[in-house]
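Subject: The structure I promised you

Hi,

Here is the structure we talked about, so please open it next to this email. My notes on what turned up follow right below.

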Amino acid sequence: MEKPDLIQWLALSDKKGLITPVKVERIFNECRSLGPLWNASPKDLQEWGLSESNISGFLKYRNYVANKSEYQRIIDSSEKTGVTIIRYIDKEYPQLLKSAEDHSHTFQDPPLVLFHKGTLFDFENCVGIVGTRECSLHGHVMARRLGRAVARLGYTVVSGLARGVDTEAHCGALEVPGGKTVSILAWMNPVYPAENTELSNDIAARGALLSERYVPGTQFGKTAPGNFVERNRIISGISRCIIAVESGPEGGSVHQARIAKAQGRKVFVVKPKKGNKRAFEGFKLLVGEGATPIDSVKPVAEYLRSSPTGKIEERKIDSFYQNALQLSMEK
C-alpha cells in the first residue's frame, strides 16, 4: 500500500501533543491524506477542531520542518532494512494500543507511527513482562519461567529487550514451540543493547520489533534517555495485563506499572525472595498501589480467562489449560 504522506506522519510524530491522534485521524479521513494539512489555512485548522494555541504552534512547526529531507532518509533507510512504517490509521496498527485511554491524563497519547520489523502483525493477545536490568537470580529464573508460561497459554510475550528481566522473558517465550514475543524498543536502529542483536533477530523471526522512533532522539533536541520512558506506554498499551518481576522502589518497572494502571490495565507483581531488600521495597510499593502479588502464572491465566478482553483466547486456553499450568513453572 502506497503511503505518500509518510513524511507528514513522521513530522507530526516528532512533535507530540501538537495535534492529538484522534484529530489527525479525522483530518486524514476527510482528506484521505495528511498532505492538505501542510497547506491548510488557520481557518481550515480551526474547522478541524484545533485550538488557537495549537494552530499557532502547528504553523510555527510547519515552517520549522519545511526541509523534510531527514524524514525521507528515514523512509529510505527503513525500506532497505526491512522495516515497515505503520500509521495510526492503518489496519496493522495495534487496536488495543489505539484504544488505550490514559485515565490520569498524565502520560502521552498513543504514537502516531510505529516502526515494525518481523513476521507478527497480530497484537490482540499480548501480556507484558517487565522488570529491572540488574535482577537477582530469582528474578532471572522467574522472568524466563513466566515467559514460557505465558507463551504456552497462547499469548504473546511483550517486553523491552533490555538486559535482565526483559531478556529472560523474551527467551522464555522463544523456548516454547510456536511461542511468540514482541519487543518494544526505545528506537529501532541500532539495536540496543548491542549484545541483544542476535536475540532481536530471533524475535523478528517469531514475532516483531516495534518502536515509535527509527533512531535515538530526534533532530529537534530530544535526548535518547527519554525514549525509554516513552516506550513504556506502548508496552502496557498493547498488553492485556502487565507482570512486574522485580524492581526497586524507584525502578522503571514502577513507572511502567503506573502507566499500565492509568491505561486501565491489570498489574501483577512477583513475590521476591526473602533477603532482597531492594526488590521487597519495590514489591511493597507496587502492591500498595494496587498490584496483585503472584508466585506463579496461575492468577494471570485465570484473569485472562475471566476478563472481557481475554475471551478471544478462552477456548484455546481451556483445551490445554491444566497441562500448560502444570508445565509452565517447572524447575
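Start with strand E8, helix H12 (residues 277-288) and strand E9, which together make a right-handed β-α-β unit. Keep in mind while you look that this is a predicted model. E8 and E9 (residues 292-294) run parallel and are joined by 3 bridges. If you want a spot to find on screen, look for Phe268, which stands opposite Thr292 in E9.

E8 also has a partner in E7. Strand E7 (residues 241-244) runs parallel to E8, and 4 bridges join the two. One pair to click on is Ala244 with its bridge partner in E8, Val269. There is a right-handed β-α-β unit here as well, made of E7, helix H11 (residues 252-262) and E8. And is E8 itself mostly covered or mostly open? Mostly covered: of the 5 residues in 266-270, 4 are buried.

Now zoom out to the sheet. It is an open one with 9 strands, in the order E1-E2-E6-E5-E4-E3-E7-E8-E9, and the pairing is mixed. Its edge strands are E1 (84-87) and E9, each of which pairs on one side only. On average, neighbouring strands are turned by 25 degrees against each other, ignoring direction. Helix H12 packs on this sheet, where it touches E7, E8 and E9, and its direction makes about 155 degrees with that of E8. Elsewhere in the sheet, E5 (residues 181-184) and E6 (residues 208-211) run parallel with 3 bridges between them. Ser183 is a handy marker there, with Leu209 as its bridge partner in E6.

Next, the nonpolar cores. In soluble globular proteins, nonpolar side chains tend to be buried together. Which residues of the largest core touch the most other members? They are Trp9, Leu12, Leu37, Phe115 and Val182, out of 69 residues in that core. Helix H1 (residues 6-13) gives the largest share, 6 residues. Take Leu12 as an example: leaving out residues up to four places away in sequence, Leu12 touches Ile19, Val24, Leu34, Leu37, Trp38, Phe58 and Leu112. There is also a second, separate core of 26 residues, with Ala149, Ala151, Leu153 and Val270 among them.

Two single residues are worth a look too. His170 is found in helix H8 (residues 165-174). Why does His170 count as buried? Because its relative accessible area is 0%, and the cut-off for buried is under 20%. Not counting residues up to four places away in sequence, the contacts of His170 include Ser159, Gly160, Leu161, Thr181 and Val182. Ser183, the marker from the sheet, is another residue that His170 touches.

The other one is Ala40, in the loop between helix H2 (21-31) and helix H3 (42-47). Ala40 is buried as well, with a relative accessible area of 4%. Apart from neighbours within four places in sequence, Ala40 is in contact with Leu45, Trp48 and Arg62. You can also check the C-alpha atoms of Ala40 and Leu59: they are separated by 9.3 Å, and the two residues are 19 apart along the chain.

Last, the aromatic rings. How many aromatic pairs are there? The count comes to 9. One of them is Trp187 with Phe228, an edge-to-face pair at 5.2 Å centre to centre with 70 degrees between the planes. This pair links distant parts of the chain, since Trp187 is in the loop between E5 and helix H9 (197-206) while Phe228 is in helix H10 (residues 225-237), 41 residues apart. Trp187 is buried at 9% relative accessible area, whereas Phe228 is partly exposed at 21%. Ring pairs also bring in Tyr192, which makes a cluster with Trp187 and Phe228.

Another pair takes you back to where we began. Phe268 and Tyr303 are edge-to-face, 5.9 Å centre to centre, with 70 degrees between the planes. Phe268 lies in strand E8 and Tyr303 in helix H13 (residues 298-306), so this pair ties together parts that are 35 residues apart in sequence. Phe268 counts as buried at 2% relative accessibility, and Tyr303 is partly exposed at 23%.

Have fun clicking around!

Cheers

Key: Residues are numbered from 1 along each chain as its sequence is written. This is a predicted model: local features need pLDDT of at least 70, side-chain atom pairs count only at pLDDT 80 or more; totals for chains, interfaces and linings use all residues. Side-chain values use heavy atoms; hydrogens and water are left out. Buried means under 20% relative accessible area, exposed over 50%, partly exposed in between (1.4 Å probe, protein chains only). Two strands pair if DSSP finds at least two bridges between them. A crossover is right-handed if, with the strands pointing away from the viewer, the path from the first strand over the helix to the second runs clockwise. A nonpolar core is a set of buried Ala, Val, Leu, Ile, Met, Phe, Trp, Tyr and Cys residues joined through side-chain atoms within 4.5 Å. Contact means heavy atoms within 4.5 Å. Axes are lines fitted to C-alpha atoms, for helices over the stretch in contact, and angles run from 0 to 180 degrees between N-to-C directions. Rings of Phe, Tyr and Trp (its six-membered ring) pair if their centres lie within 6.5 Å; planes under 30 degrees apart count as stacked, over 60 as edge-to-face and the rest as tilted.
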